[in-house]
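Reader: Could you take me on a close look at the pocket in this model, and then at whatever charged pairs are worth knowing about? I'd be glad of one connected walk-through.

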Amino acid sequence: MSGWWAQSVTVGYEQTRGLRAPGQRRGGGFSAAGSRTVGVPVQRLFDAFADDALRQRWLPDTVVRVRTATPARTFRADWGDGPTRIVVGFAAVGAAKSRVSVQHEKLTGAAQAAELKAYWRDRLAALKALLEEER
């Protein structure tokens, strides 16, 4: 069994036995993730995170402080005034389609992880709608 599958089985076992909550990481911290495929080139999807004005159109009233960004590949930022951060990855699925994956890290617990999982589902749907409407 590959390392990925072994870890998946381990996490499933720990969650079934109540040893690990959904969204809980190996070290005990929590995270929330979301992803979406969008019908735009990967650079345009990256710009939706990196460009402040464009980001405010689908992620309003949110302050992010960019830590590092590699165009069309990764975007890392501190989230708001708190200790959490986002790690965003981008991948081209074709010339005019790409995928974004968001990992929101350093969360306080399972409740916050569940809340942010729903939040990212909603916000990534808004991002998809905005970018595909502008094509």
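Author: Happy to! The largest pocket in this predicted model has a volume of about 360 Å³. Its lining is made up of 17 residues, and Gly 23, Gln 24, Arg 25, Ser 31 and Gln 103 are the closest to the pocket's centre. If you go by secondary structure, the elements that give two or more residues to this lining are α1, β1 (30–38) and α4 (110–134). Helix α4 has the largest share, with four residues. In terms of chemistry, the lining holds seven nonpolar, six polar and four charged residues. As for the general idea behind such a search, rolling a probe the size of a water molecule over the atoms shows where empty space is left.

Helix α4 is also a good place to pick up the charged pairs. The whole structure has seven salt bridges, and Glu 134 takes part in one with Arg 44, where the closest N and O atoms are 2.7 Å apart. That pair links distant parts of the chain, since Glu 134 sits in α4 and Arg 44 in helix α2 (residues 42–50), 90 residues apart. Glu 134 counts as partly exposed because its relative accessibility is 33%, and Arg 44 counts as partly exposed because its value is 32%.

Glu 134 has another partner, Arg 57, with the closest N and O atoms 2.4 Å apart in that salt bridge. Arg 57 lies in helix α3 (residues 52–58) and Glu 134 in α4, so this pair ties together parts that are 77 residues apart in sequence.

Moving over to the strands, Arg 85 and Glu 105 meet through their side chains in a salt bridge, at 3.9 Å from N to O. Here the link is between strand β4 (residues 85–94), which holds Arg 85, and strand β5 (residues 97–107), which holds Glu 105; the two residues are 20 apart. Both Arg 85 and Glu 105 are buried. Back at the helices, salt bridges with shared partners join Arg 44, Arg 57 and Glu 134 into one network.

One last stop, for contrast with the charges: Met 1, Trp 4, Trp 5 and Val 9 make a nonpolar surface patch of about 570 Å². Met 1 is placed in the segment before α1 (3–16), and this residue counts as exposed because its relative accessibility is 78%, where the cut-off for exposed is over 50%.

How values were computed. Residues numbered from 1 in each chain as written. Predicted model: local features only at pLDDT ≥ 70, side-chain atom pairs only at ≥ 80, totals over all residues. Heavy atoms only, no water. Patch = residues over 30% accessible without salt bridge, like charges linked within 9 Å, V, L, I, M, F, W, Y side chains within 5 Å. Areas by Shrake-Rupley, 256 points an atom, 1.4 Å probe, with all protein chains shown as cover. Salt bridge = Lys/Arg side-chain N within 4 Å of Asp/Glu carboxyl O. Buried < 20%, exposed > 50% of the residue type's maximum accessible area, 1.4 Å probe, protein only. 1 Å grid on protein atoms, 1.4 Å probe; cavity = no way out; pocket = protein on both sides within 12 Å on 5 of 7 lines; lining within 4 Å. Points joined across faces, edges and corners; volume = space filled by probe spheres on them. Nonpolar A, V, L, I, M, F, W, Y, C, P; charged D, E, K, R; others polar.
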